[in-house]
Amino acid sequence: MSETVITAPEQAGAIGPGRLVLVVGPSGAGKDTLLRLAREACVDDHEIVFPRRVVTRESSADEDNVALGPDEFRRARERGDFAVHWDAHGHSYALPRGIDDDIRAGRAVVANVSRTVIGALRKAYANVVVVAITAPPDVLAQRLAARARHSDGNLADRLARSVDDASAHADVTILNAGTAEYHSRQLVRVIRNECWHE
(Lines give C-alpha, C1' and ligand atoms only; values in the text may rest on other atoms or scores of the structure.)
Protein backbone atom coordinates (compact mmCIF):
# COMPACT_ATOMS: atom_id res chain seq x y z
CA MET A 1 0.00 0.00 0.00
CA SER A 2 1.36 3.40 -0.88
CA GLU A 3 1.68 6.20 1.61
CA THR A 4 0.28 9.66 1.04
CA VAL A 5 1.52 12.83 2.70
CA ILE A 6 -0.68 15.81 3.32
CA THR A 7 1.07 18.56 5.25
CA ALA A 8 -0.42 21.31 7.34
CA PRO A 9 -0.48 24.79 5.79
CA GLU A 10 3.04 26.15 5.34
CA GLN A 11 4.22 29.04 7.46
CA ALA A 12 6.53 31.80 6.27
CA GLY A 13 10.14 30.72 6.78
CA ALA A 14 11.56 27.53 8.21
CA ILE A 15 10.83 26.87 11.88
CA GLY A 16 13.86 26.84 14.19
CA PRO A 17 16.22 27.01 15.99
CA GLY A 18 15.51 23.61 17.62
CA ARG A 19 16.17 20.29 15.92
CA LEU A 20 13.58 17.94 14.44
CA VAL A 21 14.92 14.39 14.65
CA LEU A 22 12.92 12.14 12.32
CA VAL A 23 13.12 8.40 12.87
CA VAL A 24 12.22 6.36 9.79
CA GLY A 25 12.57 2.79 8.62
CA PRO A 26 10.72 -0.28 7.44
CA SER A 27 8.08 -2.06 9.48
CA GLY A 28 9.72 -4.41 11.95
CA ALA A 29 12.99 -2.44 12.14
CA GLY A 30 12.41 -1.77 15.86
CA LYS A 31 11.80 1.98 15.68
CA ASP A 32 9.23 2.04 18.49
CA THR A 33 11.42 -0.06 20.81
CA LEU A 34 14.48 2.14 20.27
CA LEU A 35 12.39 5.28 20.67
CA ARG A 36 10.92 3.99 23.94
CA LEU A 37 14.39 3.24 25.32
CA ALA A 38 15.73 6.60 24.12
CA ARG A 39 12.78 8.40 25.74
CA GLU A 40 13.53 6.62 29.03
CA ALA A 41 17.21 7.61 28.78
CA CYS A 42 16.26 11.27 28.16
CA VAL A 43 13.43 11.51 30.70
CA ASP A 44 15.23 14.12 32.81
CA ASP A 45 16.35 16.24 29.85
CA HIS A 46 13.64 18.84 29.32
CA GLU A 47 15.33 20.06 26.14
CA ILE A 48 14.34 16.79 24.39
CA VAL A 49 10.70 16.16 23.51
CA PHE A 50 9.11 12.92 22.30
CA PRO A 51 5.62 13.96 21.14
CA ARG A 52 2.89 11.34 21.04
CA ARG A 53 1.76 10.68 17.49
CA VAL A 54 -1.93 10.82 16.72
CA VAL A 55 -3.04 7.61 14.98
CA THR A 56 -6.35 6.13 13.92
CA ARG A 57 -5.37 2.92 15.74
CA GLU A 58 -5.19 1.92 19.40
CA SER A 59 -1.90 2.22 21.30
CA SER A 60 0.30 -0.82 21.82
CA ALA A 61 2.99 -1.78 24.34
CA ASP A 62 5.74 -0.07 22.33
CA GLU A 63 3.71 2.60 20.55
CA ASP A 64 2.17 5.12 22.95
CA ASN A 65 0.05 7.09 20.50
CA VAL A 66 -3.05 9.23 20.89
CA ALA A 67 -5.81 7.11 19.33
CA LEU A 68 -8.52 8.93 17.38
CA GLY A 69 -11.32 7.61 15.24
CA PRO A 70 -11.28 8.58 11.55
CA ASP A 71 -13.93 11.30 12.00
CA GLU A 72 -12.17 12.80 15.03
CA PHE A 73 -8.89 12.75 13.12
CA ARG A 74 -10.47 14.52 10.14
CA ARG A 75 -11.95 17.23 12.40
CA ALA A 76 -8.59 17.76 14.15
CA ARG A 77 -6.85 18.02 10.77
CA GLU A 78 -9.41 20.58 9.55
CA ARG A 79 -8.88 22.64 12.76
CA GLY A 80 -5.15 22.77 12.01
CA ASP A 81 -4.20 20.70 15.07
CA PHE A 82 -1.40 18.90 13.23
CA ALA A 83 2.07 20.00 12.18
CA VAL A 84 2.08 17.21 9.60
CA HIS A 85 -0.14 14.25 8.78
CA TRP A 86 -0.07 11.27 6.43
CA ASP A 87 -1.85 8.04 5.58
CA ALA A 88 -0.24 4.59 5.59
CA HIS A 89 -1.45 0.99 5.78
CA GLY A 90 -5.09 2.02 6.10
CA HIS A 91 -4.47 4.38 9.04
CA SER A 92 -3.96 8.12 9.42
CA TYR A 93 -1.02 9.51 11.40
CA ALA A 94 -0.06 13.00 12.60
CA LEU A 95 2.32 14.98 14.78
CA PRO A 96 0.67 17.61 16.98
CA ARG A 97 1.04 21.29 16.12
CA GLY A 98 2.68 21.85 19.54
CA ILE A 99 6.01 20.59 18.20
CA ASP A 100 6.40 23.97 16.46
CA ASP A 101 6.52 25.73 19.85
CA ASP A 102 9.11 23.24 21.15
CA ILE A 103 11.34 23.79 18.12
CA ARG A 104 10.97 27.57 18.35
CA ALA A 105 12.07 27.25 22.00
CA GLY A 106 15.26 25.50 20.87
CA ARG A 107 14.32 21.98 21.96
CA ALA A 108 15.02 18.74 20.09
CA VAL A 109 11.81 17.06 18.96
CA VAL A 110 12.08 13.33 18.18
CA ALA A 111 9.39 11.55 16.17
CA ASN A 112 8.73 8.38 14.19
CA VAL A 113 7.37 9.42 10.79
CA SER A 114 6.77 8.07 7.31
CA ARG A 115 9.62 8.50 4.85
CA THR A 116 7.14 10.21 2.54
CA VAL A 117 6.94 13.32 4.74
CA ILE A 118 10.67 13.99 5.01
CA GLY A 119 10.84 16.32 2.00
CA ALA A 120 8.03 18.52 3.29
CA LEU A 121 9.49 18.59 6.81
CA ARG A 122 12.97 19.53 5.54
CA LYS A 123 11.32 22.58 3.92
CA ALA A 124 9.18 23.50 6.94
CA TYR A 125 11.88 23.19 9.65
CA ALA A 126 15.35 24.74 9.71
CA ASN A 127 17.25 21.89 11.40
CA VAL A 128 16.12 18.38 10.43
CA VAL A 129 18.10 15.21 11.13
CA VAL A 130 16.86 11.95 9.59
CA VAL A 131 17.75 8.71 11.37
CA ALA A 132 17.03 5.54 9.39
CA ILE A 133 16.61 2.43 11.52
CA THR A 134 16.77 -0.80 9.58
CA ALA A 135 17.51 -4.50 10.00
CA PRO A 136 18.29 -7.48 7.75
CA PRO A 137 15.25 -8.79 5.81
CA ASP A 138 15.03 -12.03 7.81
CA VAL A 139 15.00 -10.06 11.07
CA LEU A 140 12.28 -7.74 9.73
CA ALA A 141 10.16 -10.75 8.73
CA GLN A 142 10.57 -12.40 12.15
CA ARG A 143 9.65 -9.21 14.01
CA LEU A 144 6.58 -8.54 11.87
CA ALA A 145 5.37 -12.12 12.20
CA ALA A 146 5.86 -12.00 15.99
CA ARG A 147 3.96 -8.71 16.23
CA ALA A 148 1.00 -10.08 14.25
CA ARG A 149 -0.93 -6.81 14.22
CA HIS A 150 -3.69 -7.63 11.70
CA SER A 151 -4.65 -3.98 11.26
CA ASP A 152 -1.27 -3.39 9.59
CA GLY A 153 -2.17 -5.40 6.50
CA ASN A 154 -0.42 -8.13 4.53
CA LEU A 155 3.03 -9.16 5.82
CA ALA A 156 4.50 -9.79 2.35
CA ASP A 157 3.28 -6.41 1.11
CA ARG A 158 4.88 -4.63 4.05
CA LEU A 159 8.21 -6.37 3.52
CA ALA A 160 8.20 -5.56 -0.20
CA ARG A 161 7.18 -1.92 0.19
CA SER A 162 9.80 0.74 -0.35
CA VAL A 163 9.74 4.47 -0.86
CA ASP A 164 12.32 5.76 -3.33
CA ASP A 165 12.46 9.49 -2.64
CA ALA A 166 15.66 11.48 -3.02
CA SER A 167 14.62 13.80 -0.19
CA ALA A 168 14.31 10.83 2.18
CA HIS A 169 18.05 10.13 2.36
CA ALA A 170 19.05 9.56 5.95
CA ASP A 171 21.70 11.57 7.74
CA VAL A 172 22.42 8.60 10.05
CA THR A 173 21.62 4.90 9.64
CA ILE A 174 21.37 2.45 12.54
CA LEU A 175 21.43 -1.25 11.62
CA ASN A 176 19.28 -2.61 14.45
CA ALA A 177 20.57 -6.19 14.48
CA GLY A 178 22.23 -6.21 17.91
CA THR A 179 20.77 -5.47 21.31
CA ALA A 180 18.07 -2.84 21.66
CA GLU A 181 20.05 -1.25 24.52
CA TYR A 182 23.15 -0.78 22.35
CA HIS A 183 21.23 0.69 19.42
CA SER A 184 19.12 2.94 21.65
CA ARG A 185 22.37 4.44 22.97
CA GLN A 186 23.34 5.18 19.36
CA LEU A 187 19.99 6.89 18.85
CA VAL A 188 20.38 8.95 22.05
CA ARG A 189 23.76 10.21 20.85
CA VAL A 190 22.19 11.38 17.59
CA ILE A 191 19.34 13.06 19.49
CA ARG A 192 21.85 14.86 21.72
CA ASN A 193 23.92 15.84 18.65
CA GLU A 194 26.91 13.83 19.87
CA CYS A 195 29.12 11.45 17.91
CA TRP A 196 26.99 8.31 17.63
CA HIS A 197 29.67 5.67 17.02
CA GLU A 198 30.84 3.58 19.96
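Are Trp86 and Tyr93 buried or exposed? Both Trp86 and Tyr93 turn out to be buried. We will come back to this pair after a walk through the fold, and please keep in mind on the way that the model is predicted.

Let us start with the overall picture. The chain holds 7 helices and 10 strands. Of its 198 residues, 45% are buried. If you take the contacts between residues at least 6 apart in sequence, 71% of them join residues at least 24 apart.

Now look for the open sheet of 5 strands. Reading across it, the order is β3-β8-β2-β9-β10, and the pairing is parallel. The edges are formed by β3 (48-49) and β10 (172-175); each has a single partner strand, so one side of each has no neighbour in the sheet. At the β3 edge, 2 bridges join β3 in the parallel sense to β8, which covers residues 108-112. Here Val49 has Val109 in β8 as its bridge partner.

Helix α1, residues 31-41, packs on this sheet and touches β2 (19-24), β8 and β9 (128-134). The direction of α1 makes about 155 degrees with that of β8.

Moving further across the sheet, β2 pairs with β9 in the parallel sense over 5 bridges. One place to find this pairing is Val21, whose bridge partner in β9 is Val129. How many of the 7 residues of β9 are buried? The count is 6, so β9 is largely enclosed by the rest of the structure.

On to the other edge. β9 and β10 run parallel and are joined by 4 bridges. Val131 has Val172 in β10 as its bridge partner, and Ala132 stands opposite Thr173 in β10. The side chains of β10 alternate along the strand. Val172 and Ile174 point to one face and are buried, whereas Thr173 and Leu175 point to the other face and are not buried.

A second helix to pick out is α7, residues 180-191. α7 lies across β2, β3, β8, β9 and β10, and runs at about 170 degrees to β10.

How do the two helices meet? The axes of α1 and α7 come within 8 Å and cross at roughly 65 degrees, and the crossing is right-handed. From α1, the residues taking part are Thr33, Leu34, Leu35, Leu37, Ala38 and Ala41; from α7, they are Ala180, Glu181, His183, Ser184, Leu187, Val188 and Ile191. By character, the residues of this contact divide into 9 nonpolar, 3 polar and 1 charged.

Which residues of α1 are buried? They are Lys31, Asp32, Leu34, Leu35, Leu37 and Ala38. These buried residues of α1 pack against β2, β8, β9 and α7. It helps to recall that an α-helix has 3.6 residues a turn, so residues three or four places apart point the same way.

Let us return to the aromatic rings. A pair of such rings is described by the distance of the centres and the angle of the planes. With ring centres required to lie within 6.5 Å, the count comes to 2 aromatic pairs. In one of them, the rings of Phe73 and Phe82 have centres 4.8 Å apart and planes at 35 degrees, so the pair is tilted. Phe73 and Phe82 are both buried. As for the residues we began with, the ring centres of Trp86 and Tyr93 are 5.7 Å apart and the planes lie at 5 degrees, so this pair is stacked.

Finally, a few backbone details deserve a look. Gly16 and Pro17 are joined by a cis peptide bond, with omega of about 10 degrees. You will find Pro17 in the loop between β1 (4-7) and β2.

Two residues have a positive phi although they are not glycines: His89, at about 55 degrees, and Asn193, at about 65 degrees. His89 sits in the loop between β6 (82-88) and β7 (91-96), while Asn193 belongs to the segment after α7. Are His89 and Asn193 buried or exposed? His89 is buried, because its relative accessible area is 10%, under the cut-off of 20%. Asn193 counts as exposed, since its relative accessibility is 57% and exposed means over 50%.

Technical notes. Residues are numbered from 1 along each chain as its sequence is written. This is a predicted model: local features need pLDDT of at least 70, side-chain atom pairs count only at pLDDT 80 or more; totals for chains, interfaces and linings use all residues. Side-chain values use heavy atoms; hydrogens and water are left out. Two strands pair if DSSP finds at least two bridges between them. Contact means heavy atoms within 4.5 Å. Axes are lines fitted to C-alpha atoms, for helices over the stretch in contact, and angles run from 0 to 180 degrees between N-to-C directions. Rings of Phe, Tyr and Trp (its six-membered ring) pair if their centres lie within 6.5 Å; planes under 30 degrees apart count as stacked, over 60 as edge-to-face and the rest as tilted. Buried means under 20% relative accessible area, exposed over 50%, partly exposed in between (1.4 Å probe, protein chains only). A crossing is left-handed if the near helix is turned anticlockwise from the far one by less than a right angle, and right-handed if clockwise. Ala, Val, Leu, Ile, Met, Phe, Trp, Tyr, Cys and Pro count as nonpolar, Asp, Glu, Lys and Arg as charged, and the others, Gly among them, as polar.
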